[in-house]
Amino acid sequence: MPDGSATPNATVALRLAEAFARHGVTTTFGQSLPSAFHLAAPNAGISQTVYRQENMGGTMADGYARISHKVGVVTAQNGPAATLLVPPLAEAMKVSIPVIALVQEVTRDAVDKNAFQELDHVKLFEGVAKFVRRIDRADRLEDYVDMAFTAATSGRPGPAVLLLPADLLLEKAAAASHRRANLGTFPLDRTLADPKRIEEAAALLAQAERPVIIAGGGIHISDAAQELAALQQDGHLPVATTFMGKGSVDETHALSIGVVGNTMGLGARSRDLKPLISEADVVLLVGNRTNQNGTDSWTLYPRNARYIHIDPDPSEIGRNYEALRLTGDAKLTLAALREAMLKQDLKARAAARPALEATIAKAVEGWRKLVADVTTRDGGPVRPERVATEIDKRLPADGIMVADASYSSNWINIYMTAKRAGQRFLSPRGLAGLGWGVPLAIGAQVAAPGKRVVALVGDGGFGHSWAELETLFRLQVPVTVVVLNNGILGFQKHAEDAKYGDHTIACDFADVDHSAIARACGISGVRVTRGEDVGPALDAAFASGKPALIEVLTDPNGKPPLNLYSGHYPEPF
């Protein structure tokens, strides 16, 4: 960070940029405002990644934070621009991602005078952020910045908002701060659960007849995949994951079940392994919110099992399932739990392992045989299962797979394989808002410029984020966007037909050539109509090293194996 004490006539905007640089911020996702901050930020070594729309910019900051393990920073103008930050901050709040929003305020002398685009931003953001403060005094700048980063990265991480009066940023500032702490990575404070409870948990798992671990997105937040893998291996424990937890374990491991929840119908890898969840006698939940989709509306998890729950947020433990409380960081607590288990007699667990591995192997092999045709089917319209499978063949173990909400996230969770513990599969499953796949991918690619990043989105969700194709062209980040165009809002249409026997007129779209939109924005755009052409199109996009869009005309009857659909539709197998 530059030595600001040598900068004559420094402004509050510069001091703000220097404070953010101290916390490891190297780029912000922003439009023009707060202009004073963006003009000063390069002097502190902070670049600006410019988005087209605030909803998308907030999601880029989210994707950046998920991959970099640093706080994502987004900026916005007051009023209508600020309101567009509410959805991405709400997503980040739900899934515990630290994003700090810098929002310009009207000048202090214009407050409560109906100034242009004046809004009560405190009330606007207080439901979607852990911390909201207006900085009215330059001498409190460092205090509030540090408080915002602490709130964002500590405990259960989440968003924070700093409100910046436009005139404050132009004030002359005092000498640079002598603070040196960097609070910009997460988890900020790793805490270990009560050792006595860890010993109790180890005994429960060692003595259980049918134990199982169900890992959620908290594994990724804590960077605890290696600790989970060690516990899986040495404790002889089967591991399933939620949608957000996909990649927590290597899915090629003999004790990996796959994703479980509301997508365990015919065609799901984990379908025949449901008894490993529903009949378990001890269930270890790690970073798992026990939400509706992950538990199939709270019907999947066993009623009479003993639960152990690891989470840094005490209020999440026991929310839906009374549990042995291991309040603490997943990385530290899983490591301690493994050590405690190694002190137990694990002969029974080791003896049960071969049969358990055989059960999982048989189910996975049966699934592969079942889906073999649909994942290799030529011609058109293309089956979405084939698209996901073709991407899976080409995605390296350190690749980053991103999906929009709705069907897209289902396709990658079922038809793509986590090739190593810790591989990242990003999807906005906190609130499951449509349109966030592309900006999540942009943020992830900015965080990891050397990694392959692929975004799988439906035509419904992609309609929310077309404008960011210009961002892709301008930034030249080599994200490959794959659009599944079935001409309908698939999840809505199929769910309405299953529930009501009919669907609303909002479910059907006019024909749109998304590849033409991509070309108009300056990036490669191709249209694929046959299954056998998907692989070559992916190869060409990856080989280019540039941003690209592949639009695949897919079968409108293609639907993931949601439990909701069981018995309502003919199967494609």
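Trainee: What volume does the second largest pocket have?
Mentor: The structure above is a predicted model, and the pockets discussed here are computed from it. For the second largest pocket, the volume comes to about 720 Å³.

Trainee: Which residues lie closest to the centre of the second largest pocket?
Mentor: The lining of this pocket is made up of 36 residues, and helix H16 (407–415), helix H18 (459–462) and helix H20 (490–500) each give two or more of them. Those closest to the centre are Ser-406, Tyr-407, Phe-491, Gln-492 and Leu-562.

Trainee: Which element gives the most to the lining of the second largest pocket?
Mentor: By class, the lining of this pocket holds 14 nonpolar, 15 polar and seven charged residues. When the lining is instead sorted by element, the top contribution is seven residues, and the element that supplies them is H20.

Trainee: How much space lies in the largest pocket?
Mentor: Around the largest pocket there are 50 lining residues, and Lys-94, Val-95, Arg-156, Gly-287 and Arg-289 are the ones nearest its centre. The space in this pocket is about 900 Å³.

Trainee: From which element does the largest share of the lining of the largest pocket come?
Mentor: Helix H5 (86–95), helix H10 (218–222), strand S11 (306–311) and strand S14 (424–426) each supply at least two residues of this lining. The largest share is five residues, and it comes from H10.

Trainee: How many charged residues does the lining of the largest pocket have?
Mentor: Sorting this lining by class gives 18 nonpolar and 20 polar residues. The remaining class is the charged one, and its count is 12.

Technical notes. Residues are numbered from 1 along each chain as its sequence is written. This is a predicted model: local features need pLDDT of at least 70, side-chain atom pairs count only at pLDDT 80 or more; totals for chains, interfaces and linings use all residues. Side-chain values use heavy atoms; hydrogens and water are left out. On a 1 Å grid over the protein atoms alone, a cavity is a set of points where a 1.4 Å probe fits but cannot get out, and a pocket is an open set with protein on both sides within 12 Å along at least five of seven lines; lining residues have an atom within 4 Å of a point. Grid points are joined across faces, edges and corners, and a volume is the space filled by probe spheres set on the points. Helices (H or I, at least four residues) and strands (E, at least two) are DSSP runs, numbered from the N terminus. Ala, Val, Leu, Ile, Met, Phe, Trp, Tyr, Cys and Pro count as nonpolar, Asp, Glu, Lys and Arg as charged, and the others, Gly among them, as polar.
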